[in-house]
Amino acid sequence: MPTIMTHTVVPISLWLALGKKTIPVKLLLVGIFFSILPDADVIAFKLGIPYEADLGHRGISHSILFAFSLSVFSCILLRWLQVKATVLVSFLFLSILSHGVLDAMTNGGLGVGFLIPCSSERYFFDYRPIRVSPIGIKNFLTARGIDVLKSEWKTVWVPLLTISVSVFLLRRISRLVRFNKNNANG
């Protein structure tokens with residue numbers, strides 16, 4: 001699995017690209033929480049649930065159905081955010097689903113149960129540049145942990161932040177062009 005910090009880059013990148021008018025800061029915080037939520041399934045280890053079980057690590061909590069269901073359910077609970085339902089559901093769905101996508105890009109583990117409960121098959125992508133993160137802070141504060149951070153920075157953070165900043169700048173330029181055009185005509 002990627003580090004908990006790297007799972008947050010998807011909602012952060014979407015927020016940077018789309019802006020706080022589309023995704024308010026409070027929704028961003030929920031998206032960040034949702035992006036790391038699937039790893040709460042590590043409790044399965046303590047409960048004696050095998051890794052490869054549907055309820056095990058990278059199982060149902062990493063599935064498309066879980067991401068969709070929780071996003072739709074959250075639409076009811078988060079009405080007070082006063083965000084369009086389509087924006088809320090889409091943003092939260094992408095935030096949760098991105099967790100499994102990033103996990104499927106790692107070089108370790110048993111794969112991701114994207115299709116649970118319909119299929120117990122676990123999946124990895126052919127492109128797997130992210131080094132799997134050690135579990136636990138003691139194991140993370142090693143040379144291996146630094147290697148993981150380097151691989152995540154290079155393959156996840158830099159590309160996503162580059163895209164999101166580019167979209168942000170294009171939005172700004174477009175707004176400036178419209179403003180100048182309206183002032184020239186008015």
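Start with L65: setting aside neighbours within four places in sequence, this residue is in contact with I116 and P117. The model you're looking at is a predicted one. Its chain has eight helices and zero strands, and 40% of its 186 residues are buried. Here's a tour, topic by topic.

**L65 and its surroundings**

- L65 sits in helix α5.
- Is L65 buried, partly exposed or exposed? L65 has a relative accessible area of 45%, so it counts as partly exposed.
- How far is L65 from S133 in space? Going C-alpha to C-alpha, the two are 25 Å apart, with their positions 68 residues apart in sequence.

**The overall layout**

- If you follow the chain along its sequence, the pattern reads α-α-α-α-α-α-α-α.
- The C-alpha trace spans about 70 × 40 × 30 Å along its principal axes.
- Take the contacts in the chain with a separation of 6 or more: 63% of them are between residues 24 or more positions apart.

**The nonpolar cores**

- The largest nonpolar core holds 17 residues, and the members that touch the most others are L27, F34, L78, L81, L88, F91 and L92.
- Three helices each supply at least two residues of this core: α3 (25-36), α5 (64-77) and α6 (85-103).
- Which helix gives the largest share? That's α6, with six residues.
- L27 is a good place to zoom in: beyond residues up to four places away in sequence, L27 touches L81, V83, L88, F91 and L92.
- There's also a second, separate core of seven residues, and V9, V10, L102 and I130 are among them.

**The salt bridges**

- As a bit of background, side chains of opposite charge can pair when their charged atoms come close.
- How many salt bridges does the structure hold? There are two.
- One of them joins R58 and D103, whose closest N and O atoms are 3.5 Å apart.
- This pair links distant parts of the chain, with R58 in the loop between α4 (43-46) and α5, D103 in helix α6, and 45 residues separating them.
- R58 is buried, with a relative accessible area of 1%, and D103 is buried as well, at 0%.
- Another salt bridge brings together the side chains of D147 and R131, at 3.7 Å from N to O.
- D147 belongs to helix α8 (residues 143-185) and R131 to the loop between α6 and α7, so this pair ties together parts 16 residues apart in sequence.
- Here both partners are partly exposed: D147 has a relative accessible area of 33%, while R131 comes in at 41%.

**R122, a buried charge without a salt bridge**

- You'll find R122 in the loop between α6 and α7 (137-140).
- R122 is buried but has no salt bridge. The nearest side chain of opposite charge belongs to D54, and it is 5.7 Å away.
- So what does R122 have around it? Its side chain reaches the backbone oxygen of Y51 at 2.9 Å.
- A polar atom of the R122 side chain also lies 3.5 Å from the backbone oxygen of G111.
- Neighbours within four places in sequence aside, R122 has contacts that include E52, A53, G56, H57 and R58, and L110, V112, G113 and I116 are also among them.

**H99, a buried histidine**

- H99 is part of helix α6.
- Why does H99 count as buried? Its relative accessibility is 0%.
- The H99 side chain makes a polar contact with the side chain of D39, at 3.1 Å.
- Outside residues up to four places away in sequence, H99 touches H7, S35, I36, P38, D39 and H62.

**What the UniProt record says**

- An unreviewed UniProt entry lists residues 27-47, 59-78, 85-102 and 156-173 under "transmembrane region".
- In the model, residues 59-78 are 70% helix and 0% strand, and the end C-alpha atoms of that span lie 26 Å apart.
- Residues 156-173 are 100% helix and 0% strand, with 26 Å between their end C-alpha atoms.

Note on methods:
Residues numbered from 1 in each chain as written. Predicted model: local features only at pLDDT ≥ 70, side-chain atom pairs only at ≥ 80, totals over all residues. Heavy atoms only, no water. Core = buried A, V, L, I, M, F, W, Y, C linked by side-chain atoms within 4.5 Å. Buried < 20%, exposed > 50% of the residue type's maximum accessible area, 1.4 Å probe, protein only. Helix = DSSP H or I, 4+ residues; strand = E, 2+ residues; numbered from the N terminus. Contact = heavy atoms within 4.5 Å. Lys, Arg positive; Asp, Glu negative; His and termini not counted. Salt bridge = Lys/Arg side-chain N within 4 Å of Asp/Glu carboxyl O. Polar contact = N/O pair within 3.5 Å; in protein donor to acceptor, adjacent residues only side chain to side chain. UniProt positions renumbered as here; feature names shortened; annotations may be inferred.
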